Amino acid sequence: MHIEKNIQGDRTVTTVRTLDHEQRKYEIARIMGGENITELMLENAEQYLKDAENM
């Protein structure tokens, strides 16, 4: 899941959306290294996802 909060006027709006496998991989890589996602970060994120499936 991707949770995002934004301010619209004087209110805070929360948006939640389900991520597919590729989106999950990119989000994990972004969390690990910021906006400049490298191939190595994507490979590590893919491995994390595989490891989580085997738990």
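Ile3 sits in strand β1, which covers residues 2-8, and this placement comes from a predicted model. With a relative accessibility of 57%, Ile3 counts as exposed, because the cut-off for that label is over 50%. Ile3 also belongs to a nonpolar surface patch together with Met1 and Val16. Elsewhere, a search of the whole structure turns up three salt bridges, and helices α1 and α2 pack with their axes 8 Å apart. The points below take you through these features by topic.

**The nonpolar patch and strand β1**

- Three residues make up this surface patch: Met1, Ile3 and Val16.
- Together they offer about 350 Å² of accessible area.
- Of these, Ile3 is the one to look for in strand β1, and its side of the story is simple: at 57% relative accessibility, Ile3 is exposed.

**Strand β2**

- Strand β2 runs over residues 11-17, and Thr12 has its place there.
- Thr12 is exposed, as its relative accessible area is 53%.
- If you trace from Thr12 to Glu43, you move 31 residues along the chain, and the two C-alpha atoms are separated by 35 Å.
- Arg17 lies in strand β2 too, and with 42% relative accessibility Arg17 counts as partly exposed.
- Arg17 and Met1 are 16 residues apart in sequence, yet their C-alpha atoms are 5.5 Å apart in space.

**Salt bridges around Lys25**

- Which residues are linked with Lys25 in a network of salt bridges? They are Glu22 and Glu46.
- In the Lys25 to Glu22 bridge, the closest N and O atoms are 3.3 Å apart.
- Both of these partners belong to helix α1 (residues 21-33), where they are three residues apart, or about one turn of the helix.
- Is Lys25 buried or exposed? Lys25 counts as buried, because its relative accessibility is 14% and the limit for buried is under 20%.
- Glu22, at 39% relative accessibility, is partly exposed.
- Lys25 also meets the side chain of Glu46 in a salt bridge, with an N to O distance of 3.8 Å.
- This second pair connects distant parts of the chain: Lys25 is in helix α1 and Glu46 is in helix α2 (residues 39-53), 21 residues apart.

**The Arg30 and Glu27 salt bridge**

- The side chains of Arg30 and Glu27 form a salt bridge with an N to O distance of 2.5 Å.
- Helix α1 holds both Arg30 and Glu27, and they are three residues apart, about one turn of the helix.
- Arg30 has a relative accessible area of 32%, so Arg30 is partly exposed.
- Glu27, by contrast, counts as buried, with 18% relative accessibility.

**How the two helices meet**

- Helices α1 and α2 pack at an angle of about 120°, and their axes are 8 Å apart.
- That angle makes α1 oblique to α2.
- What is the handedness of the crossing where α1 passes α2? The crossing is right-handed.
- For a link between these helices, look again at the salt bridge of Lys25 in helix α1 with Glu46 in helix α2.

**Other residues on the helices**

- Asn44 is part of helix α2, and Asn44 is partly exposed at 33% relative accessibility.
- Asn44 and His21 are 23 residues apart along the chain, and 14 Å separates their C-alpha atoms.
- Gln23 belongs to helix α1, and its relative accessibility of 34% makes Gln23 partly exposed.
- How many residues apart in sequence are Gln23 and His2? They are 21 residues apart, while the C-alpha to C-alpha distance in space is 9.4 Å.

Key. Residues numbered from 1 in each chain as written. Predicted model: local features only at pLDDT ≥ 70, side-chain atom pairs only at ≥ 80, totals over all residues. Heavy atoms only, no water. Patch = residues over 30% accessible without salt bridge, like charges linked within 9 Å, V, L, I, M, F, W, Y side chains within 5 Å. Areas by Shrake-Rupley, 256 points an atom, 1.4 Å probe, with all protein chains shown as cover. Salt bridge = Lys/Arg side-chain N within 4 Å of Asp/Glu carboxyl O. Helix = DSSP H or I, 4+ residues; strand = E, 2+ residues; numbered from the N terminus. Buried < 20%, exposed > 50% of the residue type's maximum accessible area, 1.4 Å probe, protein only. Axes fitted to C-alpha atoms, helices over the stretch in contact; angles between N-to-C directions. Parallel < 35°, antiparallel > 145°, perpendicular 65-115°, else oblique. Left-handed = near helix turned anticlockwise from the far one by under 90°.
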